[in-house]
Amino acid sequence: MYDYDLERYLNVRSAYGASFSPDGSLAFLMDTTGVGQVWTLDGPGRWPDQRTFYDEPVSFVDYSPARPELVFGMDEGGNERAQLYRLAADGTITELTDKPAAKHRWGGWRPDGEAFAFASNRRDQAVFDVYVQDRDATGDDAELVYEGDGWFTVSGWSPDGTHLAISEAHSSFDQDVYALDVESGEVAHLTPHEGNVRYTSVSWGPEGDALYLVTDEGRDTLALARLSLDGDIEYVREDDVWNIDGVSVHQRTGRLAYSKNVEGYNEITVGEFDGPTTISEFPTPDLPGGIAGGVAWDPEAERFAISVTGRTVNTNVFVVETVSGESERWTYASTAGIPQDSFVEPEVVRFESFDGREIPALFSLPPDAPPKKTPVIVDIHGGPESQRRPSFAGLTQYFLSRGYAVFEPNVRGSTGYGKAYTHLDDVEKRMDSVKDIRAGVDWLHDHPSVDPNRVVAMGGSYGGFMVLASLTEYPDLWAAGVDVVGIANFVTFLENTGDWRRELREAEYGSLADDREFLRSISPINNVDRITAPLFVLHGANDPRVPVGEAEQIADEVADHGVPVEKLVFDDEGHGISKRENRIEAYTQVVEFLDEHVTAE
């Protein structure tokens, strides 16, 4: 077993989120400095140039289709109120939005590179409007082209630059798609429907007369479909077991890439349209890791850049030759000197829950795990509309190197397993997902390597709620809990979350108007007297999603009941701990906490 300290594992770098320039060079984000910044590179394996030098992480980068300039986004202190900036070829940075109280959601460059679109809640914090802005305009010069009344995003420009595809989210599992005529302001609603239907990953087709997207309309799983501007849906690729979870179409050539989610791993298909709904496929890209996404085409679609990761492969950018499928690694974000062959790949397992349903999970054992002496981290994902997938995680590999097993359940409500599965935890069925955690721990107790007295619950965001609920519902199962930016009280959470999020969250959890008593009954804060396991609470002071008051109230209440509690709040973080120096401080304290309460003999 290798003996590297936590700081080394948290210094494993990532390169991701690439964009091709018109001349074929590449911009991408890399966290060498501790947070993601913009870097550029003009060939595989060459020394990259750092182009931004901020203390805050950059959220995306997108090259102009017409000239060597790019737009990037960045918020302040994790408040998620992203502003847009233009980086010129000579390094000059221009702030394009300068509305620090508002969020800005990038919508892409117009095909001629002379303007761009975005959605923003400038007018009303609770809703998003659509704006178009000339490339050299700033501040108040953006033109409001569509006044929204909900959660709108811009999916991209039509090939001729006259229309925008815009999407409206009613919940995480229910969206609508519209085509907006930018000049006239006329909007065509393309997806009228009843019930919950997902329409996501929207791309304009090469002729500009249709959109390609993934949808579960009339199905349990997401399929690749063609949506005409008359609102007709035709399926292009579908699978009855697994989701097709994303598609990218190059407008001028009709080349495309889409991914299928199989047990959390990606299967990438590349091809080109030879008819509106028929595809000629190219050879499968030869990529490592098992997870890849974020396709960025070069100007002629002869190749594309993609971010590649895996549980034993840290994230880097590869460039794939479209027709041959041959790939080449362009970035070399380091593993901080830790041998890649020391990283542990998880096993996909299933366990039976209280109602007989099979629940999928990732399970990783440390090398040479001793019989019945191995402590376990039960690491619960957030969302809940999410899925734990085997991407690289330095903290996970550190715990494995220290002799912990790691168990990552995809409890009911997780995505990746069909529409019906995602709705099994809705509102009044919320605590069924906590019962799945109990069943998972029972499975662990039967494992020949696991010490049943040293099981830890850890999770972030909604996963933090799951940690707290597991500690209150099944107090005898746990040696300790680690709650990261978690929900302690659904009532105060919904009252205080960002105005733009409340309606979407109520669609999942239940509304304050109709379900307040139920929300109160399942809130861990109201069952806090049942917590007996030591608790570590970690949060960001600027969190706009789960306000820091959630951490403060649960830590205070648990301490008042005489249970050991540690609380750590970072003044320059939001919903999660993103800055490397803060992650090192935070998880050093978490490890010391677990050493005291779990691993100490």
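Q: Two strands pair if DSSP finds at least two bridges between them. With that in hand, in what order do the four strands of the open sheet that includes S18 run?
A: This is a predicted model, where local features need pLDDT of at least 70, side-chain atom pairs count only at pLDDT 80 or more, and totals for chains, interfaces and linings use all residues. Residues are numbered from 1 along each chain as its sequence is written, and side-chain values use heavy atoms, leaving out hydrogens and water. Strands here are DSSP runs of E, at least two residues long, numbered from the N terminus. The pairing in this open sheet is antiparallel, and the order is S17-S18-S19-S20.

Q: Which strands sit at the edges of that sheet?
A: Look for the strands that pair on one side only. Those are strand S17 (199-204) and strand S20 (233-237).

Q: How many bridges hold S18 and S19 together?
A: Strand S18 covers residues 210-215 and strand S19 covers residues 223-228, and they pair in the antiparallel sense. Thr215 stands opposite Ala223 in S19, while Val214 has Leu224 as its bridge partner there. The count of bridges for this pair is six.

Q: And on the other side of S18, which residue is the bridge partner of Ser203?
A: S17 and S18 also run antiparallel, joined by four bridges. Ser203 finds its bridge partner in S18, and that partner is Tyr212.

Q: Which residue takes a positive phi in the hairpin of S17 and S18?
A: This hairpin has five residues between the strands. The positive phi is near 75°, and the residue that takes it is Gly208.

Q: How many residues of S18 are buried?
A: Buried means under 20% relative accessible area (exposed is over 50%, partly exposed in between; 1.4 Å probe, protein chains only). By that yardstick S18 is mostly covered, with a buried count of six of its six residues.

Q: Which residues point the opposite way from Ala210, Tyr212 and Val214 in S18?
A: In a regular strand the side chains alternate between the two faces of the sheet. In S18, Ala210, Tyr212 and Val214 point one way and are buried. The residues pointing the other way are buried too, and they are Leu211, Leu213 and Thr215.

Q: Moving on to the open sheet with S22 and S23, which strands are its edges?
A: Four strands make up this open sheet, in the order S21-S22-S23-S24 with antiparallel pairing. An edge strand here pairs on one side only, which picks out strand S21 (243-249) and strand S24 (278-281).

Q: Which residue in S23 stands opposite Ala257?
A: Strand S22 (residues 255-262) and strand S23 (residues 265-275) run antiparallel, with eight bridges joining them. Opposite Ala257 in S23 stands Val270.

Q: Let's turn to empty space: which strand gives the largest share of the lining of the second largest cavity?
A: A cavity is a set of points, on a 1 Å grid over the protein atoms alone, where a 1.4 Å probe fits but cannot get out; lining residues have an atom within 4 Å of a point. The second largest cavity is lined by Glu263, Val348, Pro360, Ala361, Leu362, Arg388, Asn410 and Tyr417. The largest share, three residues, comes from residues 358-364, that is, strand S30.

Q: Which residues line the largest cavity?
A: The lining includes Ile380, His381 and Pro384, then Val411, Arg412, Gly413 and Ser414. Completing the lining of the largest cavity are Asp425, Tyr462 and Met466.

Note on methods
1 Å grid on protein atoms, 1.4 Å probe; cavity = no way out; pocket = protein on both sides within 12 Å on 5 of 7 lines; lining within 4 Å.
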